[in-house]
Structure formats: C-alpha cells, structure tokens
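The exercises below ask for a reading of side-chain contacts, burial and backbone angles. Work each one from the coordinates before turning to its solution.

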Amino acid sequence: MSASYGTQNFTKEQEELWTVCTNAFAALNAHLDRTLRANAGIKLTDFLILSALVGSGKGAPAAVRMGELAQKTNVSPSRLTYQIEVLLRHKWVRKEPVESDRRGKGIIITDTGLAVYEKAHRIYAHEVRETALTEIEDSSWAHFTDFFNNILERISHKQ
C-alpha cells in the first residue's frame, strides 16, 4: 500500500518543536541507559523488557508470549529474541508454558529478575522524575498523557 504524501512541509515552529522533542527523548534514553548500567547493572532495553513482564501480570506473574512482548516493548521480534537470550543467561527470565496454550512457551520474570527490576525501577523512576517530569504542572498531566496516547493510537492504525 502506497501512501500519498502532500507537499506541505513543517512550519518552522513545528520542525523546531519536533527536533527538540526527538533529541530530548534520545538524550534521556541514553542518560537512562548509562545510569542503569552504572547503578543497577542492567541496560535500558533489558529493563524495559522486564518492566513489560512485571506490568503484564495481574497478581502472580504469568508467561507472556514473544509476540505480545514485542508489541508491548516496541522491539522487533528478531531483536527481542536476542534480548531474551541475554536475559535467560542472566537468569532474569525463564521460558514457561503459556496457561491458555500449553503447546506454546512464554517468558516469565524470575525472582532474580524481579529483584534486579525493583532496584533498577527505583533508579529509573528517580531519573525520569528529576530530568523529564519536574517541570510539568499537576494540571497538565492529562494533556501530555492524551497527547502521547493519541500519537500511539494513530501509529497503531497505520500498522
């Protein structure tokens, strides 16, 4: 399917805002990666995968299929396969049958992985609050949340 792209470019203000936004997120992610590696012994990508595993459970952790995990983390399936192998070597995750389909295997966080995640999460939350969220007024949270959710929604309709 070919998209039809119009001839309208960014306005100067739109381009400046978007450049600053993408640079800020890239710099923040690089900062978070360096900080997590130095203080928790985990890469940001690995932390985000563990975070998705922790966030997927309602109560006791449940095995998550690779496809669902790839979707939750925005990591390509081939890259996710590599990352999971790294997490398996660290014993932060294990493969386990999926409750809804005993033929398939899913990924579940281990107690060791949960301990690493909890330490890293404290560092991650502190750094995000201090570097990215301190300037947002209480009355603006919903606006920013809606703004980014709308971007995610528009992208999901294009996939």
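## Exercise 1: Ile42 and the core

Setting aside neighbours within four places in sequence, Ile42 is in contact with Asp33, Leu36, Arg37, Phe47, Leu50, Trp92, Val116 and Ala120. The model is a predicted one.

**Task.** Which residues of the largest nonpolar core touch the most other members, and which elements give two or more residues to this core?

**Solution.**
1. The largest nonpolar core holds 27 residues, and those touching the most other members are Ile42, Leu50, Leu53 and Leu69.
2. Two or more residues come from each of helix 1 (12–40), helix 2 (44–56), helix 3 (66–73), helix 4 (77–90), strand 2 (101–109) and helix 5 (111–133).
3. Helix 2 supplies the largest share of this core, with six residues.
4. Leu50 also appears in the contact list of Ile42.

## Exercise 2: Salt bridges within helix 1

**Task.** How far apart are the closest N and O atoms of Glu16 and Lys12, and is Asp33 buried or exposed?

**Solution.**
1. The salt bridge between Glu16 and Lys12 has its closest N and O atoms 3.4 Å apart.
2. Glu16 and Lys12 are separated by about one helical turn because they are four residues apart in helix 1.
3. Glu16 is partly exposed at a relative accessible area of 44%, while Lys12 is exposed at 59%.
4. Arg37 and Asp33 form a salt bridge as well, with 2.8 Å from N to O.
5. Arg37 and Asp33 too are four residues apart in helix 1, about one turn of the helix.
6. Arg37 has 46% relative accessibility and counts as partly exposed. Asp33 has a relative accessible area of 18%, so with the limit for burial at under 20%, Asp33 is buried.
7. Both Asp33 and Arg37 are among the contacts of Ile42.

## Exercise 3: A salt bridge between two elements

**Task.** Which elements hold Lys95 and Glu85?

**Solution.**
1. The side chains of Lys95 and Glu85 meet in a salt bridge at 4.0 Å, N to O.
2. Lys95 lies in strand 1 (residues 93–98) and Glu85 in helix 4, 10 residues apart, and the pair links distant parts of the chain.
3. Lys95 is partly exposed at 46% relative accessibility, and Glu85 is partly exposed at 34%.
4. The structure has five salt bridges by the rule applied here.

## Exercise 4: Positive phi outside glycine

**Task.** Where do Asn74 and Lys91 lie, and what is the phi of each?

**Solution.**
1. Most residues other than glycine have a negative phi.
2. Asn74 is not a glycine, yet has a positive phi of about 55 degrees. Asn74 sits in the loop between helix 3 and helix 4 and is exposed, with 67% relative accessibility.
3. Lys91, also not a glycine, has a positive phi of about 65 degrees. Lys91 belongs to the loop between helix 4 and strand 1 and is exposed at 59% relative accessibility.

## Exercise 5: The surroundings of Thr35

**Task.** Is Thr35 buried or exposed, and what lies 2.8 Å from a polar atom of its side chain?

**Solution.**
1. Thr35 is in helix 1.
2. At 12% relative accessibility, Thr35 is buried.
3. A polar atom of the Thr35 side chain lies 2.8 Å from the backbone oxygen of His31.
4. Leaving aside neighbours within four places in sequence, Thr35 is in contact with Ala40, Ile123 and Glu127.

Notes:
Residues numbered from 1 in each chain as written. Predicted model: local features only at pLDDT ≥ 70, side-chain atom pairs only at ≥ 80, totals over all residues. Heavy atoms only, no water. Core = buried A, V, L, I, M, F, W, Y, C linked by side-chain atoms within 4.5 Å. Buried < 20%, exposed > 50% of the residue type's maximum accessible area, 1.4 Å probe, protein only. Contact = heavy atoms within 4.5 Å. Polar contact = N/O pair within 3.5 Å; in protein donor to acceptor, adjacent residues only side chain to side chain.
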